[in-house]
Amino acid sequence: MLARVQSMGVLGIEAYPVEVEVYVAKATMPKMTLVGLPDASVKESSDRVRAALRNSGYHLPPRAITVNLAPADIRKEGPAFELPIALALVEAMGAFHPSVNGRYGIVGELALDGRVRKVNGCLSMAIQCRQEGLDGMIVPMDNASEAGVVTGLDIIPITHFTEAIGFLSGSQPIKPIRLNIDEIFRQSGQYSVDFAEVRGQENAKRALEVAAAGGHNILLIGPPGSGKSMLSQRLCTILPALTLEESLETTKIYSVNGMLPAGRALLAVRPFRSPHHTVSDVGLVGGGSHPRPGEISLAHHGVLFLDELPEFNRSALEALRQPLEEGRIVISRAAISVTYPCQFMLVGAMNPCPCGYYTDPRRECRCTVREIQKYRSRISGPLLDRIDIHVEVPPVEYRELAADRSGEPSERIRERVERASGRQHARFKDEGFFTNARMDVRHVRKHCRLDGDGQMLLRQAIDSLGLSARAYNKILKVARTIADIEGTDDIKAHHVSEAINYRTLDRALE
């Protein structure tokens, strides 16, 4: 007999439909064959399916069984097909007949005793089920929350193989799960840190506000203990709140990677990723023999913080250049090519010199100019071209640490950032991007015109401070963002002056 069950596979972070076909031949040949380009983990499913069926009260006849996963030209990975294979096999044996109305996508890993375990990528699968016009989806109980955020689809949670049989045969009704998206964002959309906890460092906090408002990458330069990490960890708290679309896209990446916290339906706050400087190229940008998302994709719609930036592998840093420009990473292998999104804000932190005390007024720096230049040259010019703001973070004085007053809270800063972001959305609504940092030369000329005072100030800065040529457009884009924060269309001289102060590494060493 022949039976068919609809399932879903995942390629990259997107799902695609997979039809599970099972044929039980009349010939007495006790063998199960899986075809349709399965990988090793899928081929192992036959043994788990046999054990799960036997321990659930179903005995396979000594027949030749063929399992086909269509389409056959896409490699199938993971254990998500075990539940649909088992259901199709029981149906092909004539042990049950589906009678429930509607078409359902089915995914799940089977334990040897018939329990159904969670699978990766369930959110992507649920979205694809809706796009395929299915009525619902049968998922493991542990995946019910993430799948339940997809509206217009009945999500049926199960814990055991027999529950799926009961539901499909109509003997065991299961109520679809329903989630309140607004309530999820209300409960989970809070950060555990706040800018109010940061004492002093007003210039650095202002620079982070400008970076957040314009989507600018930023580099913090200061001695050890000056608060670079503490400031960076709070950048997400002043970025505009995640939209539902952004949340779904980010959650899909974590779901595919198996990193979505248990019971969590959505990521309601912007991700903050801080890989160690020993991270490999693949760990940072993604890849591997079976491609997986890297840190840059896990930071999608959030912040990627690289502490001790010059200590990172040079090839890993250079691999960031294209993703920073395009907002996506394409990983190509001989048999497959996948694309992962990676629109993130890059925040780097570094010491001003090898010993760390070049700008510290309380400690003597013993590094030579050549040693400092060699240390800073570990960050290539092309990568620096993609960082609009670099600002000094000096040591915090005792009087600021001991002060009773708190700093400005993140909520108040975020209000200014959101207003500036709204102006940029209106300005670039027909351009395909929405932040000042994405402007090219044509947009800079159109939207960053200076008055006479501003032009004179910028010319003097380039001539007298030794600013590099690449700093010119960066200063204009940052000045545009500062003007947006103030709510003005005109870029004034004081906007340009502040932007010039955010180009520390373009100045000649003294």
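Which residue just after α6 takes a positive phi? In this predicted model, where local features need pLDDT of at least 70, side-chain atom pairs count only at pLDDT 80 or more, and totals for chains, interfaces and linings use all residues, the residue in question is Gly170, with a phi of about 85 degrees. Residues are numbered from 1 along each chain as its sequence is written, and side-chain values use heavy atoms, with hydrogens and water left out.

Helix α6 itself (residues 161–169; helices, H or I, of at least four residues and strands, E, of at least two are DSSP runs numbered from the N terminus) is mostly covered, since 7 of its 9 residues are buried, that is, under 20% relative accessible area, as against over 50% for exposed and in between for partly exposed, with a 1.4 Å probe and protein chains only. The buried residues include Phe161, Ile165, Phe167 and Leu168.

Two residues that are not glycines also take a positive phi. His301, in the loop between α12 (295–298) and β14 (303–306), has a phi of about 65 degrees and is buried, with a relative accessible area of 11%. Glu308, in the loop between β14 and α13 (314–318), has a phi of about 55 degrees and is partly exposed, with a relative accessible area of 27%. A cis peptide bond joins Ala70 and Pro71, with omega about 10 degrees, and Pro71 is found in the loop between β4 (64–70) and α3 (82–92).

The largest pocket (an open set of points on a 1 Å grid over the protein atoms alone, where a 1.4 Å probe fits, with protein on both sides within 12 Å along at least five of seven lines, and with lining residues having an atom within 4 Å of a point) holds about 1200 Å³ of space, the volume being that filled by probe spheres set on the points. Of its 36 lining residues, Gly215, Gln343, Phe434, Thr435 and Arg438 lie nearest its centre, and the elements that give two or more residues to this lining include α18 (410–427) and α21 (471–486). These two helices pack at an angle of about 115 degrees, with their axes 8 Å apart, where axes are lines fitted to C-alpha atoms over the stretch in contact and angles run from 0 to 180 degrees between N-to-C directions.

The second largest pocket has a volume of about 650 Å³, and among the 33 residues that line this pocket, Val10, Lys76, Glu77, Gly78 and Arg292 are the closest to its centre. Strand β1 (2–11) gives the most to the lining, with 4 residues.
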